Amino acid sequence: MPKILLVEDNEVNRDMLSRRLQRRGYEVFFAVNGAEGVSKTLSDKPDIVLMDINLPGMNGWEATQQIKANPQSKNVPVIALTAAMAGDSEKALAAGCDDYDTKPIDLPRLLEKIEVLLKKTKSQRQEAITIPQDSKIQQALLTLLRHELCTPMNAIIGYSEMLLDELKSQRDSTLFRDIQNIYICGTQLLTLANAILDPAQLEVNQIYRPVQQTTVQGNSADWLWNIDTLGSTIRLELLTPLSTIIGYCEMLLEEASIKIISDLDRIHTAAQHLLSMINDIVNLSRQQLQAIDANKLNTPYLMLESLTATSLVQNADTIIHTLSEENPWAAVAVEGTLLVVDDNETNCALLKRQLERQGYTVAVATNGLLALKMLQTMSYDLILLDIIMPGMNGFEVLQQIKRHKDWRHIPVIMLSALDEIDSVVRCVEIGAEDYVSKPFKPVLLYAKISACLEKKQLRDQQILTLVQRSIAEATPVPILISLLSSGAILYANATACTTFGLPVEELLNRHTQDFFYLDASKHQEALDALSKAESISCWELLCQQADGTPFWVAASLQPLTFNGEAAVVSALCDITDRKQAEDSLRLAEEKYRSIFENACSGIYQSTPDGYFISINPAMARIHGYDSSAAMMEAVTEIGHQIYVDPNNQDEFRRLLEEQGKVTGFEYQAYRQDGDIIWVSESARAVQDVSGQLLYYEGIVEDVSQHKLAISALKRQIEDLQFEINQSKGVRQVDQITQTDYFQQLKAEAENLQFQDDDDQQRSVPKVLLVEDNEMNRDMLSRRLQRSGYEVEIAINGVEGVSKTASEKPDVVLMDMSLPVMNGWEATQQLKANPQTRNIPIIALTAHAMAGDRETAMAAGCDDYDTKPIELSRLLGKIKTLLEKGL
């Protein structure tokens, strides 16, 4: 018979619902508050919990979070029961509830949800029992878990490393030290994860051993129990450095410059993702085990069986790390277009950023099929390919690339974890050029990429030399090769013969000077540049055909050695039609310029960001300048030098963006001498064919005299109205001040003033933070000071007791894991002392385990909070205790 724990403080609701459930065949027992609900879930092990949210003491949200945080109860399904308020469904799921129902209870609906969760739980237990006990599967699980956990760790390390490089000129700044602390904690996380999840320790580490070796089912259950133990170990070891990273990120995001906000946000996102995986490590393990079983991943690339190989790789890794500490970004990159293939978006983004900083063009594919599609549409100089990917793995992608006639020559560098060295060897046998281990070391990564690109460029150059002549013959552009010294034509393609109107035999007996109109100075200037091995691009030249017909070309000249002699290759593009169009445009512009210069109204063109492109003389006169040039030189920011109120410019731009044009927009403007005038402006936004804004152009008129006349008339009307109202007001004021209501308001105002004066005399609240971890202490104290509190520090329990007695803080934040004297003993001493017993104490601990809250309260703590610290929640608890003390 399924057991249901009903956590409900209302006796009538409890009696009604329990009897209805018992009639349906369920065994029902009760809890009347959140703390009792947590306790009975652990002791009585119900099949499902019905959790009322509005409970006394510990509410339903907090109780659910404690149940889900405990490995012994986290798999018990919880259904939240509450009134139908907006957002309750999301809050329930965020707290860890498995489902949600509203009051009044619809029994058939509730029974259906109960049955669904009971079947789901039963199915999960059956799946757990059938987990194979093959050591290779267990090794594969540890490898995949390490792969999942280390991915966000690599992102934290990579982005913090890039930030430290960008801030290396500010090594003494607080910002640099804070980011350095994030980097240190990131490397600590990586070291701890590698140590805990090392497959080589499978046979010796007690965490991974089955407790009993009796039956297949018994072994499987014991293995799952040890996964829970593994999860507890991971949480215990990793939460402290991870909470430090999250705290520093939240603090820096509040104050950092826009330049580094995006990278800080990526670090914070990676840390939060890592936190969610750590908190759900058992379910993550189950998912990975299912994936291994489903895909039959009993293959050598998931495990490292050669300890010798591991040692060699670690030694190389140490050497590279030493070199990279001196200047990790000093490698000179060879330009190229790279394709990164990795299913993890964080890895892709980090690697893309690192490579783009070195001048590479980088494209990203998040799976093997997408990479093959991208290769069909784009040419790449090098491919960085991850081995472990869903769907098509790295081996299969590599095989496809090396079998394709157009892709087989693209160098491929494999991305691999250290324990995949056997797979790397296999990849090299298939055709990979090299490999890079994770996490990436900048010096090694860039050196290998540069070597591969240089080898590819040499091969490409050899191929290019073979096809250049055939390309020259086939191109529709005239191409000539001539001696640099004399201009004698040595080679002409078919298009050049047609363009100049001569057969190739006659053209080869001529000189370039016979067809190019060049004065002596231009000719010498070109010879000087080409002699220095400099190219000349888009040089506009007037040429003639053999019969004397003139035409214009844009010439590109490149020096080269042809048959052992200094020569020049010339590629010519006919631009005669364009030159004729430019002449027509020039005539039209001259007509427009005449109108522009002689207009009576001001005419201008300006950029969207507030700079004049052109103004006519009338515009300059309106603003008191001697000439258009003088105004153009003096006015460098229209918003502050022309507009009296810069908000008028914002409004003007908004109207232009919405309507495309503005008519009769009036505003006050400055003249050169500082006088203020009124102007009326009509303008339009000029866009290109694609709708992109190019500039504004408009007409301006001085309307100061008109505005002054209107203003004078308004003042006359206002003065007359004021005289009329004043005569009425004197009589009304005397009548109002004599009423009882006015006298009552006066007395209340004086009382409020007295209270305000009294409030101003209150002092700033003082908080004593007792914390032994330097980084946590630094981060939390600075955030509390920003919130308006005075903060005192103690680093162990003995100092905490002493400073509480001497400093008399308004509240104490007590870490429980302290050296010398722990937080429980320090709290008991403070509460036993008549001088300090009334000072409120909030317990802080890194482990949200069942019973911690009761232990804290039993020791005398007034409240309890868990790490990582959620600042808004902690501030709320401090405020509540301070108000209670008042």
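Is valine 425 buried, exposed or partly exposed, and what is its relative accessible area? In this predicted model, valine 425 is partly exposed because its relative accessible area of 45% falls between the limits of 20% and 50%. The residue belongs to helix α15 (residues 421-430). Its C-alpha atom is separated by 9.2 Å from that of tyrosine 435, 10 residues apart along the chain.

The largest nonpolar core comprises 66 residues, of which Leu149, Met153, Ile234, Ile245, Leu780, Leu813 and Ile878 touch the most other members. Helix α6 (residues 135-166) contributes the largest share of this core, with 13 residues. Another core, of 26 residues, lies apart from it and includes Ala365, Leu375, Leu398 and Trp407. Among the contacts of isoleucine 245, residues up to four places away in sequence being excluded, are Ile156, Ile182, Ile267 and Ala271.

Ile267 and Ala271 are among the buried residues of α9, as are Asp263 and His268. Helix α9 (residues 258-279) has 22 residues and should therefore span 32 Å at 1.5 Å a residue; its end C-alpha atoms are 32 Å apart, in agreement.

The model holds 3 cavities of 30 Å³ or more. The largest encloses about 160 Å³, and of its 18 lining residues Tyr604, Ser606, Ile638, Tyr643 and Glu681 are the closest to its centre. Its lining consists of 11 nonpolar, 5 polar and 2 charged residues, with the largest share, 3 residues, coming from α24.

The second largest cavity contains about 110 Å³ of space. Its lining includes Ser243, Glu771, Leu780 and Arg783, and α27 (774-786) gives the most to this lining, with 4 residues. Leu780 is also listed among the residues of the largest nonpolar core that touch the most other members.

How values were computed
Residues are numbered from 1 along each chain as its sequence is written. This is a predicted model: local features need pLDDT of at least 70, side-chain atom pairs count only at pLDDT 80 or more; totals for chains, interfaces and linings use all residues. Side-chain values use heavy atoms; hydrogens and water are left out. A nonpolar core is a set of buried Ala, Val, Leu, Ile, Met, Phe, Trp, Tyr and Cys residues joined through side-chain atoms within 4.5 Å. Buried means under 20% relative accessible area, exposed over 50%, partly exposed in between (1.4 Å probe, protein chains only). Helices (H or I, at least four residues) and strands (E, at least two) are DSSP runs, numbered from the N terminus. Contact means heavy atoms within 4.5 Å. The expected span of a helix is 1.5 Å times one less than its number of residues. On a 1 Å grid over the protein atoms alone, a cavity is a set of points where a 1.4 Å probe fits but cannot get out, and a pocket is an open set with protein on both sides within 12 Å along at least five of seven lines; lining residues have an atom within 4 Å of a point. Grid points are joined across faces, edges and corners, and a volume is the space filled by probe spheres set on the points. Ala, Val, Leu, Ile, Met, Phe, Trp, Tyr, Cys and Pro count as nonpolar, Asp, Glu, Lys and Arg as charged, and the others, Gly among them, as polar.
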